[in-house]
Structures are given as C-alpha cells and as structure tokens.
Amino acid sequence: MSTLILILPPRTRLHAQGRMPHGSAGAAQGELGQHYDYLLSPDGVGVGAQGSRPAAMLPAADTVIAVPDESDIAWHRVLLPRANRAKLRAALAGLMEEALLDDPESLHFAIEADTSGGDTAWIAVTSRAWLSEHLAHLEAAQVFVDRVAPSVWPDAPPHGHFCEAASNAADTEAAPIVLRWSNPEGVATLCLAGNLARSLFPPSAVLGARWTATPAVIAPAERWLGTSIEVLTPAQRAMSAIDSPWNLRQFELAPRTRGFRALRQLSKGLMRRSWRPVRWGLAGLMAVQLLGLNLAAWQQRQQFEARRASMSQILSSTYPQVRSILDAPTQMQRETETLRASAGRAGDGDLETLLAAAATAWPADRGPVDALSFESGRLVLSANGWSNPQIENFRTQLQSEGWQLDIKDARMTLSRPARARLSAQALANAPTSS
C-alpha cells in the first residue's frame with residue numbers, strides 16, 4: 001500500500017528589519033501550495049521516491065499524509081471539558097484562551113486520540129487559515145489528504161533531534177543548530193547557544209534518551225552532547241508520521257467523505273501498518289476455513305465412495321450373475337423385480353396391489369368406482385361425485401400405508417413413491433471435494 005507524505009512548508013513569519021527566514025524562497029512557493037516536498041513510500045517502510053513538485057503533478061498513492069513543520073504546532077496539556085463533540089471545540093477555545101497567543105477563533109485544535117471528557121489530554125494547536133488553505137489547494141488539484149500528522153509529538157521514550165535552525169538570508173555564517181526535544185512532558189525547540197539548554201540535560205537524561213541529528217550538523221551536535229549520535233535524514237524523520245497516532249483533521253477540518261470515498265477511507269485505514277496483525281489473522285482464518293471445508297468435503301466424498309462400494313459388494317454377493325455394475329441401487333431393484341415376477345408375487349406397481357390398497361382406504365359411503373385405468377405403477381380412479389372431506393380422508397389413509405395420491409382434473413392417481421430412485425438420485429448428488 002503506497003503512501004505519499006507531503007511536507008508542508010513552514011508559515012512565513014515577520015523578522016527583524018523585514019528579513020525573511022533562511023529558505024524563504026521555498027516557503028514563499030509553498031505558502032499557497034505552489035510546490036510541495038514529498039516522499040513516496042511503496043510499502044510504508046522505505047522511501048521509493050522523493051522530490052518537490054506542484055500540487056497538480058504530485059504522484060498518486062493509496063494514502064496521502066500531510067506533515068506540518070514542527071514550528072507550526074504548539075502543544076498544550078489540558079483537562080478535557082465534558083461536552084459533546086459539536087460543542088467541544090468552543091469549550092476548548094474558552095478553556096485555553098489565557099494560554100494562547102493568538103485569537104482562539106483563528107486557531108485549529110486537535111485532540112489526542114482515545115480520550116474523552118474528564119481525561120487529561122494533549123491538544124495540538126496550529127493556524128486554521130494556513131492549514132485549510134493548503135488542504136483546499138491540494139483538493140483542488142485532486143490530491144485528497146487522508147491525515148495531517150506531525151512528525152514528532154509528546155511521547156516516550158524521550159527523543160532529541162539536532163537540525164539546522166532558520167537564519168537570516170543575509171548571514172554569511174552557517175545556520176545555527178537547534179535541538180527538537182520531545183518526551184511525555186511535551187515538545188520544545190531549544191537553542192544551543194548559552195548554558196540553559198545544557199543545564200536541562202544532565203548525564204542521566206542524556207543516557208535515557210534517543211539522540212539523532214541531520215547529516216549536516218552531526219559533528220557539532222556530537223561535540224555539544226559529548227556522545228555519539230544516530231544520523232537521521234529529514235526524509236526518515238518525516239516517515240515517522242506514518243506511525244503517528246495523531247490526525248489533525250478534526251472538527252471543521254475533518255474530511256467529509258460519502259459513498260465510494262467513505263469505503264476508500266475505511267479500506268485505507270484497514271491497510272495501515274497497525275492493522276497488519278488483524279489482516280494476517282483474517283487471512284489465516286480464511287485459510288483455515290477453506291482448509292476445513294475441503295477436509296469436510298473430502299471426508300464426505302470418502303463416505304460416499306465407501307457406501308457405493310458397500311452397495312456394489314451387496315449387489316455382487318446377492319446377484320452373482322450381474323458382472324458389470326454401473327448403478328447398484330437400480331440394478332439391485334431390477335434384479336429383485338425379476339425374481340419377484342418369476343415367483344409369481346405381486347409387486348408395488350402391479351394392479352392387484354394397487355387395487356388392494358385402494359379397497360383398504362375406500363370410503364364406506366362410496367359405491368363402486370365409476371372408471372379406472374392402469375399403467376405400470378399407477379392406478380387412475382375417477383373422482384366425480386367425491387366431496388373434499390372424502391378425498392382428504394382417502395388420501396390420509398393411503399399415506400399412512402406409504403402410498404401417494406395425486407388429484408388432478410377430477411382424477412385420482414394412486415402410486416407408490418419411488419424410494420429406490422430417490423435414494424439413487426441422492427447418492428448421485430452427494431457433494432464432492434472442491
């Protein structure tokens with residue numbers, strides 16, 4: 001399942017003497033979504049392609065994740081008010097008004113997953129206008145963002161990442177280094193100049209955290225920290241958004257999907273890496289079910305073959321003169337009928353037997369039959385003058401003796417159900433292995 005990660009350019013900010021931050025050209029291009037840095041992962045693990053393209057030329061993928069810049073997200077830990085979903089956003093704005101630097105109405109809030117009213121939860125805060133402009137521009141280019149996920153969030157274990165900081169374009173010196181620090185207590189960006197940042201990381205804190213750095217700052221970062229550091233490229237850091245439990249598309253920015261897109265969203269959710277054990281479990285369950293069905297069909301087939309062999313054995317031992325066995329039940333019935341006829345005994349399909357059955361159940365208030373006809377196995381009697389109660393009583397008594405009576409066009413047809421033929425047909429229709 002392919003995943004397209006779009007790295008949203010950071011918001012442009014005013015700087016002293018009107019200077020633009022380092023890399024402002026790319027930010028200006030991306031402010032209205034003109035160009036986006038992207039990573040394309042074919043399997044959600046490795047990077048297959050990367051580059052920078054306009055929104056309309058971005059490659060297609062099964063899932064699209066937009067990753068805001070770390071400096072564009074503020075993190076606040078609050079006690080969630082007990083309010084329904086429709087009023088929760090307004091309740092959060094009133095609750096956090098004193099802790100926010102901007103007007104709450106211009107900000108977008110996202111709540112930590114699996115939390116409810118009364119829980120203490122993290123709230124991600126970003127500019128609503130800035131994020132909605134990017135989403136609208138991408139959707140206009142037929143790029144539908146499934147998730148907006150940060151590359152770093154408050155989580156354990158603690159993680160420190162060294163990278164270049166934004167600097168004035170007029171500076172001739174290399175960009176200074178900053179430390180992106182995240183732990184269960186929050187997310188912060190620390191400048192390494194001075195002693196404040198160093199005082200926050202005693203040796204115990206250094207040993208208990210994971211440390212990474214971009215290739216450009218690995219050497220000065222190791223000198224500052226005093227230990228070796230893992231190299232982590234910006235692309236690798238952005239890939240962590242795939243496993244992020246966060247989705248900033250909430251409240252007014254929640255995706256509105258209907259019909260086919262809703263099913264597509266559901267299928268994408270099931271194809272995420274976190275659902276891989278469930279997918280493997282369902283595949284295993286289907287395999288077991290298929291194996292069980294084939295095993296049951298094989299057992300039934302074996303039972304059928306054993307029963308057919310047993311009937312053939314009975315036919316061979318009872319009628320040795322039958323050399324070729326094609327349909328044991330039919331041949332056995334035929335040979336039995338031949339022996340019965342040779343002995344002069346009436347069979348179920350003979351006239352004498354049918355007349356005796358009709359006489360046994362004949363109504364006492366009915367006279368002799370008006371007309372009758374006979375063909376092998378069937379006796380047809382006239383039903384003229386018979387009342388419905390008489391016919392039903394006649395049929396009931398015949399059925400109790402194992403006979404069948406059919407009524408059609410004022411005629412009653414008496415016959416014996418062909419059990420042998422039905423048994424042979426049931427054996428022929430026995431299930432086979434799939």
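**A guided tour of the predicted model**

Residues 24 or more positions apart account for 60% of the protein chain's contacts with a separation of 6 or more. The coordinates on display are a predicted model. With the whole protein chain selected, the viewer shows 13 helices and 17 strands. Of the 434 residues in the chain, 36% are buried.

**Confidence**

Colour the chain by pLDDT next. The mean for the protein chain is 82, and 85% of its residues reach 70 or more. Two stretches deserve caution. Select residues 16–30, where pLDDT stays under 50 and the model has 21 contacts beyond four places in sequence. Then select residues 420–434, where pLDDT is again below 50 and the model shows 17 contacts beyond near neighbours in sequence. Where pLDDT is low, the predicted coordinates should not be read in detail.

**The largest nonpolar core**

Select Leu4, Leu6, Leu138 and Trp246. These residues have the most contacts inside the largest nonpolar core, which has 27 residues. Now display the elements around them: β1 (3–7), β2 (36–41), β4 (63–67), β7 (120–127) and α3 (128–140) each supply at least two residues of this core. Which of the elements gives the largest share of the core? It is α3, with four residues.

Centre the view on Leu6. Beyond its neighbours within four places in sequence, Leu6 touches Asp37, Tyr38, Leu58, Val64, Ile65, Ala66, Val67, Leu138 and Val143. Apart from the core that holds Leu6 lies another, of 18 residues; to find this other core, select Leu192, Phe201, Val217 and Leu225, which are among its members.

**A pair of helices**

Move on to helix α9 (residues 276–318) and helix α10 (residues 328–343). Their axes are 9 Å apart, and the two helices pack at an angle of about 25 degrees. Because angles under 35 degrees count as roughly parallel, α9 is roughly parallel to α10. The crossing of α9 past α10 is left-handed. To see where the helices meet, show the side chains of Met311, Ser312, Ile314 and Leu315 in α9 together with those of Ala328, Pro329, Gln331 and Met332 in α10.

**Glu337**

For the last stop, remain on α10 and select Glu337, which is placed in this helix. Is Glu337 buried, partly exposed or exposed? Its relative accessibility is 36%, so Glu337 counts as partly exposed. Finally, add Asp348 to the selection: Glu337 and Asp348 are eleven residues apart in sequence, and their C-alpha atoms are 9.9 Å apart in space.

Key:
Residues numbered from 1 in each chain as written. Predicted model: local features only at pLDDT ≥ 70, side-chain atom pairs only at ≥ 80, totals over all residues. Heavy atoms only, no water. pLDDT = per-residue confidence, 0-100. Contact = heavy atoms within 4.5 Å. Core = buried A, V, L, I, M, F, W, Y, C linked by side-chain atoms within 4.5 Å. Buried < 20%, exposed > 50% of the residue type's maximum accessible area, 1.4 Å probe, protein only. Axes fitted to C-alpha atoms, helices over the stretch in contact; angles between N-to-C directions. Parallel < 35°, antiparallel > 145°, perpendicular 65-115°, else oblique. Left-handed = near helix turned anticlockwise from the far one by under 90°.
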